[in-house]
Amino acid sequence: VSLRTGERRPVVLLDDLVGELEVVREGLRACVTEGTARRLQVLQELQVAGKTGTAQIDDETGENNAWFAGYLPDAGSQGVQLVLCGVVYHVADQRHGGDAAGRMIADFLADLRADAGLAAAYLPYGGGR
């Protein structure tokens with residue numbers, strides 16, 4: 001039921017849920033391999049799938065709110081999957097999600113990968129090296 005209108009929304013059947021989810025996964029990977037997060041090498045090396053976002057908040061100052069949300073592939077038999085989200089408020093100089101929040105996530109993952117114990121526990125195949 002729509003909160004705005006109170007009307008029932010039509011039911012959408014997902015005939016091929018596996019196939020449709022794969023399309024979404026491909027899009028999230030493309031954000032990192034060829035989209036707005038492509039310059040963040042560690043995200044590519046670790047096969048992160050994600051999405052960047054930017055919300056313009058002030059035309060005069062060029063400030064934005066920027067975010068990156070994503071996940072790493074399953075860490076194999078350990079059954080651990082790392083999900084990430086970073087938000088940076090009031091980013092100056094018209095920087096966007098991939099530039100600000102994506103960089104923060106990339107720095108976090110680089111530090112995580114540099115710690116052998118954490119890399120083995122949380123990164124796919126012990127760190128993607």
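How many bridges join β2 to strand β3, and in which sense do the two run? I opened the predicted model with that in mind. I found seven bridges between β2 and β3 (residues 83–91), and the strands run antiparallel.

**Overall layout.** I went through the secondary structure next. The chain holds four helices and three strands. Along the sequence I read α-α-β-β-β-α-α.

**β1 with β2.** I then turned to the other pairing. Strand β1 covers residues 49–58, and strand β2 covers residues 63–71. I noted nine bridges here, again in the antiparallel sense. The link is a hairpin, with four residues between β1 and β2. I looked up the turn as well: Gly 62 sits in it and has a positive phi of about 75°.

**Tyr 71.** Which residue stands opposite Tyr 71 on the β1 side? I found Ala 49 there. I checked the β3 side too, where Val 83 is the bridge partner of Tyr 71. I therefore logged Tyr 71 of β2 with two partners, Ala 49 and Val 83.**Burial and surface.** I looked up how much of the chain is covered. Of its 129 residues, 31% are buried. The chain exposes about 8,400 Å². I noted that carbon and sulfur atoms supply 53% of that area.

**Contacts.** Last, I checked sequence separation. I took the contacts in the chain with a separation of 6 or more. Residues 24 or more positions apart account for 46% of them.

Note on methods
Residues numbered from 1 in each chain as written. Predicted model: local features only at pLDDT ≥ 70, side-chain atom pairs only at ≥ 80, totals over all residues. Heavy atoms only, no water. Buried < 20%, exposed > 50% of the residue type's maximum accessible area, 1.4 Å probe, protein only. Contact = heavy atoms within 4.5 Å. Areas by Shrake-Rupley, 256 points an atom, 1.4 Å probe, with all protein chains shown as cover. Pairing = 2+ DSSP bridges.
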